[in-house]
Amino acid sequence: MNINRKKFNSKHMTILVIVFLFFIGGTFLGNQLFGLSLPSFGSTQSFSPARVTKQQAGDQLIVSLLDSGITIEMVFVPAGKFAMGSENEGPIHKVYLDDFWIDRTEVTNAQFAAFVEATGYTTTAEKRGESRVDDVSGINNADWKHPQGADSNLNGLDEHPVVHVSWYDAAAYCQWRDARLPTEAEWEKAARGVDGYFFPWGDLFDGGLLNSCDKNCLALWREFAINDKYARTAPVGSYPGGASPYGALDMAGNADEWVTDWLDYDYYSVSPLTNPQGPTGDEMPRPSLFNHRLRGSKVVRGGSWRVGELGVSTTYRNGSYPDDPSNELGFRCAYTPEHIRNGSP
Ligand SMILES: [Ca+2]
Ligand SMILES: [Ca+2]
């Protein structure tokens, strides 16, 4: 006699049906509200693992955000080794990375607004009621919708990079797209390619190819010989001549960019040489003479509109506390093809 079968009566069946319907309904609602399914891809690219294996460096992927009319361009970075680091950020070491895609530009205000509209997400700065503006902390009501504080707004800024996003806000947006923040190694490879470029376009600085602290910038160290036309952020993709070898834009300047990794200035000497993910363990970088001040920081890359030549190189490493947003700091997302995620060749 099977006791379990005896106990499995019509009441249990009713509960099972309810659970099943709840699961189906929840999945449907989840997809509708949060876009948790795979991103839907535009008509210019069909997407399948087989298709991805044929991608070439710099190929473009169009991602449509569900029901928002917003599209996102991603560029392809093929698997292989590249030299990471520089004389200042060392040791220089060869790193192998799998195939990945990365957003062509920083995430824009319009793209972030689609995420907030779909999910009702509230950013760290909004919860706190203040953020950092032009490196002054505690500016009341500064947040992504009010980049200079309470009296400012997003008029004319739809295509500018979203700023005042914490690392957590950035990670949540990317997750909504079934994407993620790039690792520090992915960011650097996407920015400099395999020829060790010191800037996305080559080895020599050119103030006409990026939005940095030019003559319009309000900081004391502004560079009067450069006119990039913007005092703070510029619309993403404003400097096509500054593209990286894979076609990624604004990898130097405009918004500084969050990446996945915790900051540890000693990490390059111990990091794995294949798909490094940043320091692990207690999620705190090991203290050293140089990184003590930034203990507990996430790496930020590329420099912002508020820094000059030295801060916008493809190798320069800086950090910020993950819950410390500012009007300099934005991000872009990365995406790993599904067959790679599943561990297939
Ligand atoms: Ca500028
Ligand atoms: Ca940037």
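What follows is a chat between a trainee and a mentor about a predicted model.

Trainee: Before we start, what are the ground rules for this model?
Mentor: Residues count from 1 along each chain as its sequence is written, and chains are lettered from A and ligands numbered from 1 in the order in which they are written. Since you asked about rules, it's a predicted model where totals for chains, interfaces and linings use all residues, local features need pLDDT of at least 70, and side-chain atom pairs count only at pLDDT 80 or more.

Trainee: How many helices and strands does the chain have?
Mentor: Helices (H or I, at least four residues) and strands (E, at least two) are DSSP runs, numbered from the N terminus. By that count, the secondary structure comes to eight helices and 13 strands.

Trainee: Where is Ala179 placed?
Mentor: Look around H6 to get your bearings: Asp178 follows that helix with a positive phi, near 60°. Ala179 sits in the loop between helix H6 (167-176) and helix H7 (184-192).

Trainee: And why does Ala179 count as buried?
Mentor: Buried takes 20 or more other C-beta atoms within 10 Å of the residue's own, exposed takes 12 or fewer, and partly exposed is in between, with C-beta atoms placed from the backbone. Ala179 makes the cut because its C-beta neighbours inside 10 Å number 22.

Trainee: Which residues does Ala179 touch, leaving out those up to four places away in sequence?
Mentor: A contact is two C-beta atoms, placed from the backbone, within 7 Å. On that basis the partners of Ala179 are Cys174, Cys333, Ala334 and Tyr335.

Trainee: How many of the residues of H7 are buried?
Mentor: Among the buried ones are Glu184, Trp187 and Arg192. H7 is largely enclosed by the rest of the structure, because the buried count is nine of the nine.

Trainee: What angle does H7 make with E9?
Mentor: Start with the sheet: it's open and mixed, with four strands in the order E11-E10-E9-E12. Strands pair if DSSP finds at least two bridges between them, and E9 (residues 256-262) and E10 (residues 298-301) have three, in the antiparallel sense. H7 packs on this sheet, touching E9 and E10. Axes are lines fitted to C-alpha atoms, for helices over the stretch in contact, and with angles between N-to-C directions running from 0 to 180 degrees, the one between H7 and E9 is about 140°.

Trainee: Which residues have the most contacts inside the largest nonpolar core?
Mentor: A nonpolar core is a set of buried Ala, Val, Leu, Ile, Met, Phe, Trp, Tyr and Cys residues joined through C-beta atoms within 7 Å. The largest one has 65 residues, and the best-connected inside it are Trp101 and Ile102.

Trainee: Are the residues on the two faces of strand E6 buried or exposed?
Mentor: E6 (residues 100-103) has Phe100 and Ile102 on one side, with Trp101 and Asp103 on the other. Both faces are covered, and those four residues are all buried.

Trainee: What is the bridge partner of Ile102 in E13?
Mentor: E6 and E13 (residues 334-335) run antiparallel, joined by two bridges. E6 also runs antiparallel to E3 (residues 71-77), with four bridges. Ile102 touches Met74, Pro182 and Glu186, among others, and its bridge partner in E13 is Ala334.

Trainee: Last one: how far apart in space are Ala179 and Trp101?
Mentor: They're 78 residues apart in sequence. From C-alpha to C-alpha, though, the separation is 9.4 Å.
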